[in-house]
Amino acid sequence: MILRHLCLLLFAGLLSSQSLAAEKPNIIVIMADDMGYGDLSCYGATRVKTPNIDRLAAEGQRFTSGYCSASTCTPTRYSFLTGNYAFRRKGTGIAPPNSPAIIQPGTETIASLLQNVGYSTAVIGKWHLGLGGPEGPNWNGDLKPGPLDIGFRFNFLLPTTNDRVPQVYVRNHRVLNLDPEDPLWVGKKKPSADHPTGITHRDTLKMDWTHGHNSTIHNGISRIGFYTGGHAARFRDEDLADEWVNQSNNWIEGNKDKPFFLFFSSHDLHVPRIPHERFQGKSPLGFRGDSIVQLDWCVGELMKTLDRLRLAEKTLIVFCSDNGPVMDDGYKDGALENNGDHRAAGPYSGGKYSVLEGGTRTPFITRWKGRVPAGESDKLVCTIDMAASFAKLAGAELKKEACIDSFNVLGAILGEKGATGRDHLVQQDNGRGGNYGLRVGNWKLQRHDSKKARNVKVEVHLTNTNVTRYRLYDLSKDPGEKKNVIDTHPEVAKRLIVQLQKVITDGRSRH
Ligand code: NG6
Ligand code: CA
């Protein structure tokens with residue numbers, strides 16, 4: 001009898017995230033780039049079909065209040081890895097081609113937390129968090145510090161983002177296939193008067209630019225920044241997705257015998273949107289939609305690998321995005337022209353670069369076969385919370401001074417009954433000094449600090465914040481943030497203004 005009781009207790013304990021013994025499943029985080037809330041068929045898209053991601057959602061939890069922490073790439077990725085809001089640190093805005101490493105060795109990250117408890121850890125895909133010391137990346141030598149110095153055991157990277165130079169892979173500390181006879185140079189200034197650019201050779205481009213993106217040409221596409229050399233190391237844009245999948249499959253296969261953490265960091269659907277030839281024309285939305293189809297294929301391949309290796313029941317997959325959608329982000333790829341009635345941000349307003357919901361409320365799906373029940377969740381969760389949540393899941397010790405804005409929302413991630421999400425979330429647009437959003441329940445406060453937004457009509461003056469401008473929305477009635485209700489709810493506005501300022505001033509939000 002006592003034994004039966006004990007067994008039952010143990011069993012119940014095992015099924016709850018509160019259990020003392022860590023479960024240590026494999027963890028794969030698939031992060032899409034620039035994907036909006038409405039870009040997947042499981043989130044309501046009708047003009048693009050995403051059967052593989054839909055299957056993930058059908059077999060797991062599909063969140064309706066899943067967020068990334070910023071509406072641009074670098075700050076979201078910084079926050080995802082470190083568990084710290086990016087607005088707390090200078091230099092966390094969109095990183096340029098020659099950016100030094102933004103996350104310093106010694107910083108606790110999601111990868112170091114998991115590595116410390118025996119996980120194999122890898123990042124494959126887009127990095128965009130800088131490489132190298134204060135002088136920037138040493139492209140022809142060791143690219144240190146990089147992911148290997150903050151908790152990853154393997155990296156295979158697109159160093160920045162593919163509209164920025166250079167188009168080379170970085171495997172661990174080195175540019176892959178670099179011929180020392182043909183050194184790689186990357187810089188801000190045109191290297192010679194006759195260096196072909198998107199301006200001088202515009203008529204030769206296979207995809208024209210609309211703004212910026214008119215410096216060095218590679219693969220018929222002009223980019224942000226200049227580079228020369230490294231020809232043997234250069235890749236074709238069309239092959240990126242295949243490479244991420246091949247590298248991931250090999251790595252999973254080689255690490256299947258102990259728990260692993262893979263950050264699969266897709267470049268789809270960031271510009272330049274150049275899907276592989278076999279995906280071109282596969283959606284009626286132009287290359288933007290075709291890139292969604294390509295990403296869906298990648299997810300399907302990863303799922304196949306897990307099934308083949310019988311790992312689906314030992315692996316938690318989280319699918320998320322790094323910021324909301326954008327149509328024209330610098331190239332004429334037909335995104336706008338072919339968009340029709342597709343609503344990339346779903347019912348929300350704004351998108352990439354914005355603190356409106358469309359900027360950060362994004363697809364968020366968790367699947368762990370046999371462990372996470374199928375269903376929909378309205379719990380508030382954010383990419384920044386994965387650090388604390390996975391620490392709990394894997395039995396890693398989370399020190400008070402680490403991951404200071406990351407909350408343990410593991411119960412919500414696992415779809416457990418009665419679990420709660422966050423009770424508030426700060427959203428931001430770019431690095432330090434940008435604009436903010438604060439969601440508390442159904443209330444949404446916008447705080448516009450940037451000069452551009454200062455001529456909005458409504459002002460609430462508080463002594464310590466009298467240069468900022470605020471707006472308030474009730475998301476339960478107005479998900480599109482169209483009707484500013486600050487005048488009719490001044491007491492709510494004041495409460496939220498004080499709460500947001502406290503998160504900023506306190507220097508941390510997990511206490
Ligand atoms: C902007 C680029 C945009 C994109 C973005 C970063 C211009 C005019 N715009 O500065 O094309 O690269 O940075 O995107 O250059 S992110 O998703 O990586 O944050
Ligand atoms: Ca992005």
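This note walks through a predicted model, from its ligand site to its two open sheets and a few backbone details.

1. **Ligand shell.** Ligand 1 is surrounded by 17 residues. The closest are Cys-73, Asp-163, Arg-164, Asp-329 and Lys-352. By class, the shell holds seven charged, six polar and four nonpolar residues.

2. **Polar contacts to the ligand.** Two of the closest residues, Asp-163 and Arg-164, also bring side-chain N or O atoms to the ligand's oxygens. For Asp-163, the distance from a side-chain N or O atom to an oxygen of ligand 1 is 2.5 Å. For Arg-164, the corresponding distance is 2.6 Å. His-128 also takes part: one of its polar side-chain atoms lies 3.2 Å from a ligand oxygen. As for cover, ligand 1 has 450 Å² of accessible area on its own, and the protein covers 83% of that.

3. **The ten-stranded sheet.** This sheet is open, and its pairing is mixed. Its strand order reads β7-β6-β5-β4-β12-β1-β13-β14-β2-β15. The edges are β7 (174-175) and β15 (375-377). Each has a single partner strand, so one side of each lacks a neighbour in the sheet.

4. **One parallel pair in detail.** Within that order, β4 sits between β5 and β12. Strand β4 covers residues 120-126, and β5 covers residues 154-158. The two run parallel and are joined by five bridges. To place the register, Gly-125 stands opposite Leu-157 in β5.

5. **Helix on the ten-stranded sheet.** Helix α8, residues 386-394, lies across three strands: β1 (26-32), β12 (260-265) and β13 (315-321). The helix runs at about 175 degrees to β13.

6. **Two cis peptide bonds.** Both involve proline. The bond from Lys-144 to Pro-145 is cis, with omega near -5 degrees. Pro-145 is in the loop between β4 and β5. The bond from Val-165 to Pro-166 is cis as well, again with omega near -5 degrees. Pro-166 belongs to the loop between β5 and β6 (170-171).

7. **A positive phi.** Which residue other than glycine has phi near 55 degrees? It is Asn-219. Asn-219 is placed in the loop between β9 (217-218) and β10 (221-222).

8. **The four-stranded sheet.** The second sheet is also open, with order β17-β18-β19-β20 and antiparallel pairing. Why does each edge strand have a side without a neighbour? β17 (425-428) and β20 (469-474) stand at the edges with a single partner strand each, so one side of each is left free of a neighbour in the sheet. On average, neighbouring strands here are turned by 20 degrees against each other, direction ignored.

9. **One antiparallel pair in detail.** β17 is joined to β18, residues 436-440, by four bridges. The two strands run antiparallel. Gln-428 stands opposite Tyr-436 in β18.

10. **Helix on the four-stranded sheet.** Helix α10, residues 490-506, lies across β17, β18, β19 (443-448) and β20. The angle between α10 and β19 is about 60 degrees.

Key: Residues are numbered from 1 along each chain as its sequence is written. Chains are lettered from A and ligands numbered from 1 in the order in which they are written. This is a predicted model: local features need pLDDT of at least 70, side-chain atom pairs count only at pLDDT 80 or more; totals for chains, interfaces and linings use all residues. Side-chain values use heavy atoms; hydrogens and water are left out. A residue is near a molecule or strand if one of its heavy atoms lies within 4 Å of it. A polar contact is a pair of N or O atoms within 3.5 Å; within protein, one must be able to donate a hydrogen and the other to accept it, and residues adjacent in sequence count only if both atoms are side-chain atoms. Accessible areas come from the Shrake-Rupley method with a 1.4 Å probe; for residues, only the protein chains shown count as cover. Ala, Val, Leu, Ile, Met, Phe, Trp, Tyr, Cys and Pro count as nonpolar, Asp, Glu, Lys and Arg as charged, and the others, Gly among them, as polar. Two strands pair if DSSP finds at least two bridges between them. Contact means heavy atoms within 4.5 Å. Axes are lines fitted to C-alpha atoms, for helices over the stretch in contact, and angles run from 0 to 180 degrees between N-to-C directions.
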